[in-house]
Amino acid sequence: MSEKAQPLAEAMLRGCAANVGPLIGLDLEVGEPTLETHAELPEGDLAVLPMSVEFDDQVLCGLTVSSPLQEIATLARRLLDDDDPDKEREINEDEVDAIGEVLNLMSGAIDQSIREHINPGYRSRPLSWWRSDQPGDNSLPDGEHVVASGRINIPSAGSVCIVFRISPKLFGLTQQTTARRTQGHVLLLGLEEAVRTSISGILAQAQVVVDSAEPGDDALGELLGSTEAIFLSGDQSGGFELVRNLRLAHDTWQIPSIICLAEPTKSSVMRALHHGATYVMAVPADEISLLRVLRAARPDER
């Protein structure tokens, strides 16, 4: 098994929890994932999201993320503000849509983790999710896979099992080399003065080099080329579109982006993630929260 498999599994599991947690208003925790290599197919009624790992326009391999339907439904019901999300019952249409939204959030974390731990030039694209009790024409791929299993723990409730089934091809592909971004640099882009001052002070104490800029500054291109994370405002006009433009641009799409919101709501967090934000952070943020988000965004500190 590749030495990269364990760090990748850990990053994917942490990222899934970090992406889903803000939308349901909880700080989700994760356990240590276990890793095996085998050809056995998972059993039970599952929600299955296949993903395609690609480089440019070439499909390299695939992977799936799956979870027991009744367990992932507890996250989906929290997304819908259900009064009794942990009660096991038949899954209705609204909950089916919400499960798809939860899986979509997880797919963003998986994409980010593969780019950081395997190859920054790779892209992991989610396909249509399906239910193993209603598979239609869908099926899990046969053959030996690297299987990582872990749990996302819900405070004062149960937990949700997450299984990543990864093609071994992912770890055997020829690596495309790219220039490594400067360590210890972050960029504050278009932030309000009070937020910029607060974040700069905390990061300076943590010995992180902080650059500040406004959209359209002449030096912005150079700063983007050396930063490893970008803090942006979701409260400023055009902030969400700026995130989208950065994620669509060839030179900046792989840089983690952290949207700052003074009063985050479910709709604003969802909008930020849909526009391509890697993480969403409430501001003003205390030192622990800020550094935790930055550690999650920076691959060298995971």
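## How the first three helices pack, with a few buried residues

Helix 1 (the 20 residues from 5 to 24) and helix 2 (residues 69–79) pack with their axes 8 Å apart, at an angle of about 40°. Please keep in mind as you look around that this is a predicted model. At that angle, helix 1 and helix 2 are oblique to each other, and helix 1 passes helix 2 in a left-handed crossing. From helix 1, the contact is made by Val20, Leu23 and Ile24, and from helix 2 by Leu75, Arg78 and Leu79. Sorted by class, the contact of helix 1 with helix 2 has five nonpolar residues, one charged residue and no polar ones.

Helix 1 also packs against helix 3 (residues 93–117), with the two axes 8 Å apart and an angle of about 145° between them. Here the crossing of helix 1 past helix 3 is right-handed. On the helix 1 side, Pro7, Leu8, Ala11, Met12, Gly15, Cys16, Asn19, Val20 and Leu23 take part, and they meet Val102, Leu105, Met106, Gly108, Ala109, Ile110, Ser113, Ile114 and His117 of helix 3. The contact of helix 1 with helix 3 has 13 nonpolar and five polar residues, with no charged ones.

The remaining pair is helix 2 with helix 3, which pack at an angle of about 95° with their axes 8 Å apart. That angle makes helix 2 roughly perpendicular to helix 3. Leu69, Ile72, Ala73, Leu75, Ala76, Arg77 and Leu79 are the helix 2 residues in this contact, and they meet Glu95, Ala98, Ile99, Glu101, Val102, Leu103 and Met106 in helix 3. By class, the contact of helix 2 with helix 3 divides into eleven nonpolar and three charged residues, with no polar ones.

Here are the three pairs side by side.

| Helix pair | Angle between axes | Distance between axes |
|---|---|---|
| Helix 1 and helix 2 | about 40° | 8 Å |
| Helix 1 and helix 3 | about 145° | 8 Å |
| Helix 2 and helix 3 | about 95° | 8 Å |

Some residues turn up in two of these contacts. Val20 and Leu23 of helix 1 meet helix 2, and Val20 and Leu23 are also among the residues that meet helix 3. Likewise, Leu75 and Leu79 of helix 2 take part in the contact with helix 1 and in the contact with helix 3. On helix 3, Val102 and Met106 are among the residues that meet helix 1, and both are listed in the contact with helix 2.

How does the length of helix 1 compare with what should be expected at 1.5 Å a residue? The 20 residues of helix 1 should span 28 Å, and the end C-alpha atoms are 29 Å apart, which agrees. Helix 1 is mostly covered, with 14 of its 20 residues buried. Just after helix 1, Gly25 takes a positive phi of about 70°.

Helix 2 is largely enclosed by the rest of the structure, because nine of its eleven residues are buried. Those buried residues are Leu69, Ile72, Ala73, Thr74, Leu75, Ala76, Arg77, Arg78 and Leu79. Both arginines in that list also appear in the contacts described above: Arg78 in the contact with helix 1, and Arg77 in the contact with helix 3. Just after helix 2, Asp81 takes a positive phi of about 60°.

Now for a few single residues elsewhere in the chain. Ser66 lies in strand 4 (residues 58–68) and is buried, at a relative accessible area of 6%. Leaving aside neighbours within four places in sequence, Ser66 is in contact with Leu46, Ala47, Val48, Cys161, Ile162 and Val163.

His38 sits in strand 2 (residues 34–38). Is His38 buried or exposed? With a relative accessible area of 18%, His38 is buried, since the cut-off for buried is under 20%. Not counting residues up to four places away in sequence, His38 touches Gly143, Glu144, His145 and Val147. The C-alpha atoms of His38 and Val53 are separated by 20 Å, with the two residues 15 apart along the chain.

Ala272 is in helix 8 (residues 266–274) and counts as buried, at 0% relative accessibility. Beyond its neighbours within four places in sequence, Ala272 is in contact with Phe240, Ile259, Ala277 and Val280. Ala272 and Val243 are 29 residues apart along the chain, and their C-alpha atoms are separated by 8.2 Å.

Finally, Ala297 lies in helix 9 (residues 287–297) and is buried, with a relative accessible area of 0%. Ala297 and Thr34 are 263 residues apart in sequence and, C-alpha to C-alpha, 23 Å apart in space.

How values were computed. Residues numbered from 1 in each chain as written. Predicted model: local features only at pLDDT ≥ 70, side-chain atom pairs only at ≥ 80, totals over all residues. Heavy atoms only, no water. Axes fitted to C-alpha atoms, helices over the stretch in contact; angles between N-to-C directions. Helix = DSSP H or I, 4+ residues; strand = E, 2+ residues; numbered from the N terminus. Left-handed = near helix turned anticlockwise from the far one by under 90°. Contact = heavy atoms within 4.5 Å. Nonpolar A, V, L, I, M, F, W, Y, C, P; charged D, E, K, R; others polar. Parallel < 35°, antiparallel > 145°, perpendicular 65-115°, else oblique. Buried < 20%, exposed > 50% of the residue type's maximum accessible area, 1.4 Å probe, protein only. Expected span 1.5 Å × (residues − 1).
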